[in-house]
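Me: I'd like a close look at one part of this model. Start with a single cysteine, then work outwards to the sheets and the chain.

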Amino acid sequence: HAMDSKVGEVLLYYCYCEVKDPEKLCAWQKALCQHLHLTGKVRVASEGINGTVGGSKVATNLYIEVMLSQPLFKDILCQEDFKSSAGGSHCFPDLRVGVFKEIVPMGIDPKIVSYKETGIHLSPQEFHTEVEQYLSQASQGQSNTILLDCRNFYESKIGHFQGCLAPDIRKFSYFPSYVDENLELFKDKRVLMYCTGGIRCERGSAYLRSKAVCREVYQLKGGIHKYLEEFPDGFYRGKLFVFDDRYAICSNEDIISACRYCGTLWDQYKLCSSQHCRQLVLTCPSCRNKGLTACCPVCQEKELTVTSRASGQTLKEECECTRSRPRVPIERVSQRTLDTGK
């Protein structure tokens, strides 16, 4: 059956637009995905839609066709807005389609900071040129630009643009506080922002602009995904983290992160072996063989005693990893040295 073949793809896309009846769009979307045997996650809100779905090539092509002809998205969404990578329905455990307040969870009411106030979109080629200039200026210690990764620490850890500032934050909803706590850092700077597919920059750049401290705010259109299509061996080094069972996709052979136990180069995530911990851990095959499979000593020792609520819902255990990480890190502006080398 062509719809179920293993060799397919994963699509990533979003569309900001006015949705009068999110519940109705949600039901339609769910039926469409089920009909095409697609799995994945789709968020619907009054501000638009954001999805990542996997299935056979036949199915994903049909999906794009239907999405482009849906009256709601007709003049906004285009073929270019779909980022694709090798995969399939096996990359997701199931299909989840739901209505939310925001299509990307920044935790700020869309009425207060709107996607309509975004930064200036740069094509991969324009962004590449900007990064090139920034790196040559920075190496001479005279840059007024910040190359900002607005993803989470576990994403930037395994792959990022050379010379970027990558906030040590655990989720995107901490990004606004990160900006607030580090306003000095952004004062009079040109900011070049990027994320996986571009959606976090839409709201993140709008938030940064609302603070009125930066000289200019630019963002990478289509995100790292589109950049890597044009520059697989460009200024982005390492893997691209994705939110499905693959964890990462690869465009160049560089490994920029290390095993948390022995320090050997390693960038393949596994979930912490402790039952209720949801942390991802970098532990190389030889350390895994020694039984080092947890994110930190606390998890390793406990292999956690089962804690569950009356409802039978399991608790996400807090461990050292989570506790020792400041929720919103404060950058030391003066001491920030750039690692612009490969």
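Does Cys 259 count as buried or exposed, and at what relative accessibility?

Reply: Cys 259 counts as buried, at 4% relative accessibility. Buried means under 20% relative accessible area, exposed over 50%, and partly exposed in between, with a 1.4 Å probe and protein chains only. The model is predicted: local features need pLDDT of at least 70, side-chain atom pairs count only at pLDDT 80 or more, and totals for chains, interfaces and linings use all residues. Residues are numbered from 1 along each chain as its sequence is written, and side-chain values use heavy atoms, without hydrogens or water.

Now the sulfurs. A disulfide is a pair of cysteine sulfur atoms within 2.5 Å. The count here is zero. Cys 259 is in no disulfide; its nearest cysteine sulfur belongs to Cys 287, 3.8 Å away. Cys 91 is in no disulfide either, and the nearest cysteine sulfur, that of Cys 33, is 15 Å away. Cys 91 is also buried, with a relative accessible area of 3%.

Next, the sheets. Helices (H or I, at least four residues) and strands (E, at least two) are DSSP runs, numbered from the N terminus. Two strands pair if DSSP finds at least two bridges between them. One open sheet has five strands, in the order E4-E1-E3-E2-E5, with mixed pairing. Strand E4 (83-87) and strand E5 (95-99) stand at its edges. Each has a single partner strand, so one side of each is left without a neighbour in the sheet. Neighbouring strands are turned by 10 degrees against each other on average, direction ignored. Axes are lines fitted to C-alpha atoms, for helices over the stretch in contact, and angles run from 0 to 180 degrees between N-to-C directions.

Strand E2 (residues 39-45) pairs with E5 in the parallel sense, over five bridges. Lys 41 stands opposite Arg 96 in E5. Helix H2 (residues 57-69) packs on this sheet, touching strand E1 (8-16) and strand E3 (48-56). Contact means heavy atoms within 4.5 Å. The direction of H2 makes about 15 degrees with that of E1. H7 packs on the sheet too, touching E1 and E3, and its direction makes about 25 degrees with that of E1.

The other open sheet has four strands, in the order E6-E10-E9-E7, and its pairing is parallel. Strand E6 (120-122) and strand E7 (145-149) are the edge strands; each has a single partner, so one side of each lacks a neighbour in the sheet. The twist averages 25 degrees from one strand to the next. Three bridges join E6 to strand E10 (residues 216-220), in parallel. His 121 stands opposite Gln 219 in E10. Helix H7 (residues 199-210) lies across E6, strand E9 (190-194) and E10, at about 175 degrees to E10.

An annotation comes next. UniProt, in an unreviewed entry, places the feature "domain: Rhodanese" at residues 141-236. UniProt positions are in the numbering used here, feature names are shortened, and annotations may be inferred rather than shown by experiment. The span is 36% helix and 20% strand, and its end C-alpha atoms lie 21 Å apart.

Last, the whole chain. Buried residues make up 51% of its 342 residues. Of the contacts with a separation of 6 or more, 70% come from residues 24 or more positions apart. The C-alpha atoms fill a box of roughly 55 × 50 × 40 Å along the principal axes. The secondary structure comes to 11 helices and 15 strands.
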